[in-house]
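These are my notebook entries on a structure that I had not examined before. I set down what I looked up and what I found.

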Amino acid sequence: MTQPIIELRDIRKSYQMGDTVSQVLQGVSLTIYPGEYVCIMGPSGCGKSTLLNVLGCLDQPSSGHYFLGGEDVACLNDDDLSKARCRNLGFIFQSYNLIQQLTVLENIEVPLYYKGVPEQESREIAIRLASQVGLSHRLHHRPTELSGGQQQRVAIARSLANDPLVILADEATGNLDSKSGQEILGIFDDLNKAGKTMVFVTHDERMVGRCTRVIRLKDGEVDRDERGAAADRYTGITGTSVRPHAADSSAPDHTAEGVAAALVHQPVLS
Amino acid sequence: MFSLAAHPILRLAVSPQHMWRSIVLGSKSIWLHKLRSMLTALGVVFGVASVVAMLAIGEGASHEAQEQIRKLGSQNIILESVKPSDNQGPAQQTRSMVIEYGLTTRDIDQIRQTIPGVSVVVPSRIISEYLWNESLNVDASIVGALPIYPQMRNRRMLAGRFFSELEQNERLPVCVINQTTAARLFPLASPVGKSIRVRGFYYRVLGIIEDESQRSTGESSGGNNKSSNSNSLAQLIIPFYTLMDQYGDTFFRFRSGSFEAEKVEFHDAIVRVNDVNAVVTRADAIRHLLARNHPNEDYRVTVPIELLRQAERTKRIFSIVLGSIAAISLLVGGIGIMNIMLASVTERTREIGIRRALGARQTDIVLQFLIETVLLAGAGGVIGVILGLGIPIAISHFAGVTTVIKAWAPTLAFSISVITGIAFGIYPAMRAAKMNPVEALRHE
Ligand SMILES: Nc1ncnc2c1ncn2[C@@H]1O[C@H](COP(=O)(O)OP(=O)(O)OP(=O)(O)O)[C@@H](O)[C@H]1O
Ligand SMILES: [Mg+2]
């Protein structure tokens, strides 16, 4: 087996609220390998976002070990955590979280700026990614001039800019209508098919059909860890099955298909 | 690569290109809120303008003082006769009276005899007459002086020579004229060797002396009725004894249209003190002596070296006044900037969270906000310098005060604005950087 990308060992997270201590994560252990498409599900308040923040090096666990790409990040200082985020992680948020005063291109360039990629090169990467998510005609627009689906595509392009080990998404389609949600999910599928490791937090049971693995949390613990419907793809038994549950989703529109194809044929930032 | 300070948050390791991009980003952000930025920078604008103006006026005051001392001589004490102004009683009574005032031989003799360390006393007398060269004439002052006069007054000879000790003692009818006289009476030819007629008496011209430079403009306010000031007026300088022969020991001036007459022995005299350090004490002694002889204060004592002190005082007062304005403006301006930056940090909490999530270190956030503050303050500084350069020019123009703008003054003032930016920007920037990324992302 290959080296795991993410390995959590007994991760605990508690918040001090006045006198009471609330235990949010109560010993989560899990291992994620390259190319997996992991879906984290569970009832509201069970600690999904908290876990994703820990995975994203935005938050430090109260105890436990977290190996990201072989490096124990649970004991890093703030600067090194920033560097870990900068090099290894891509974020996609429910509310897009684009910087309002920057254009599409400039938003995509933000991670490259902090990575220290020279201006010229970073501009080229941003233009390529923008066209890959189908926004070549919106390069100099500001987020307020874009639809939700378009904004989320910018966010996807941005998350890919620094060629991260893993992409973390917290209810990435939560703010979208079902049509543009499907388009976004189509892009995710194809990213995964192109080899990207994805960790996805969602309430949407239909996602089970798309991912290779489903982790169900309950009260801050891993309740169940099961294979997703697309697990075949991951294990490589039936590589031909492109979209096993395509039947239950409305057909993705052609733009999304095109985008997905582009992403597959030309692996992003190899 | 460079590093700013030892504090971990400030440990900056940034390449010049990265720095440049940060500056461009910062400028854009400031430009986004033009009006707000302008109002915010206003305090710094006034502060910096005051600094520039203060330095220009201060430098101007000392420059002017030094200029005067150069003209009047730092070892000199200048005594002048002043017509008493307000102690004359009803005008009707004085109509037919002879007004007698000013320095007398007795004063000069007493100074010579009782004040130690005083080397030369040069008395001079000024008389108003018409000078003639053939058909050309000019209304001029005739000055009776000693041969040392040019050195004492720091006036250069432009042509020919001054009269000698011998000519003085022989009471010869020789003279030296100033530029103005030369230009008026001898517009075409050189006057040296020619003669000038005054009331049927001829004086041979020995040389041309430069015009008397403008004396102190506002500082010496002893008398308000001074008649002997001869700024760029025509002058005829003759040996003192020659003048005594011609016009007697005293001088009468009859005012046309009235019976009033003036009797003045000396219009002015210069006392040279051998030791520069003793000038002030000798001046006090002379003031005492003259105060005893002249209860009606019909004289004035000017001590050039005291002008320097006066200038220092002026400079200090301006420094205190404008310095306080500058300090208060900069403080208020700085607080204004800090206030706006704190608001801006709160307003942009979400952006900070996003940037942190995308890999920005605390240092990057500090840098981002600090650059914005410094750009804001620096822009205020530039406007302030421009304004500050205008103030001294306006003051010189309207108030006649000399101002001197040294090259380092705007540089210093601009640096102050940048330092203000850093000083008041560091706290908001740190606050932005210290935010918890998760909470910042959740911020609405
Ligand atoms: N900063 C905090 N301080 C105190 N308690 C917190 C904090 N952040 C989260 N919690 C608590 O941790 C628990 C889990 O929160 P979390 O946001 O991870 O839930 P979630 O699974 O993402 O829920 P949802 O599906 O509604 O987004 C909640 O009970 C919440 O109140
Ligand atoms: Mg959540």
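The entries below take up a ligand, the cysteines and two helices in turn.

**Entry 1: the model.** I note at the outset that this is a predicted model.

**Entry 2: ligand 1.** I began by asking where ligand 1 lies with respect to chains A and B. I found ligand 1 between the two chains, A and B. I then looked up its surroundings and recorded 13 residues around ligand 1, the closest being A:S44, A:G45, A:K48, A:S49 and A:T50.

I next looked for polar partners in the side chains. The side chain of A:K48 has an N or O atom 2.7 Å from an oxygen atom of ligand 1. For A:S49, I likewise read 2.7 Å between a side-chain N or O atom and an oxygen atom of the ligand. In the side chain of A:H203, an N or O atom lies 3.0 Å from an oxygen atom of ligand 1. As for cover, ligand 1 has 640 Å² of accessible area on its own, and the protein covers 68% of that area.

**Entry 3: cysteines.** I searched the whole structure for disulfides and found zero over all chains. Why does A:C39 form no bond with A:C211? The sulfur of A:C211 is the closest cysteine sulfur to that of A:C39, but the distance is 4.3 Å, which is too far for a bond. A disulfide would need the two sulfur atoms within 2.5 Å. I also checked A:C57, whose closest cysteine sulfur, in A:C75, is 11 Å away and therefore too far for a bond.

I then looked up the accessibility of both residues. A:C39 has a relative accessibility of 0% and so counts as buried. A:C57 is buried as well, with a relative accessible area of 1%.

**Entry 4: helix 5 of chain A.** I turned to residues 148-161, which make up helix 5 of chain A with 14 residues. From first C-alpha to last, helix 5 reaches 20 Å, close to the 20 Å expected at 1.5 Å a residue. How many of the residues in helix 5 are buried? I recorded 13 of the 14 as buried, so that this helix is mostly covered. Just after helix 5, I noted a positive phi of about 50 degrees at A:D163.

**Entry 5: A:N192.** My last entry concerns A:N192, which is found in helix 6 of chain A, residues 178-193. Is A:N192 buried or exposed? A:N192 counts as buried, because its relative accessibility is 5%. I followed its side chain to the backbone oxygen of A:K196, which the side chain of A:N192 reaches at 2.9 Å.

Technical notes: Residues are numbered from 1 along each chain as its sequence is written. Chains are lettered from A and ligands numbered from 1 in the order in which they are written. This is a predicted model: local features need pLDDT of at least 70, side-chain atom pairs count only at pLDDT 80 or more; totals for chains, interfaces and linings use all residues. Side-chain values use heavy atoms; hydrogens and water are left out. Helices (H or I, at least four residues) and strands (E, at least two) are DSSP runs, numbered from the N terminus. The expected span of a helix is 1.5 Å times one less than its number of residues. Buried means under 20% relative accessible area, exposed over 50%, partly exposed in between (1.4 Å probe, protein chains only). A residue is near a molecule or strand if one of its heavy atoms lies within 4 Å of it. A polar contact is a pair of N or O atoms within 3.5 Å; within protein, one must be able to donate a hydrogen and the other to accept it, and residues adjacent in sequence count only if both atoms are side-chain atoms. Accessible areas come from the Shrake-Rupley method with a 1.4 Å probe; for residues, only the protein chains shown count as cover.
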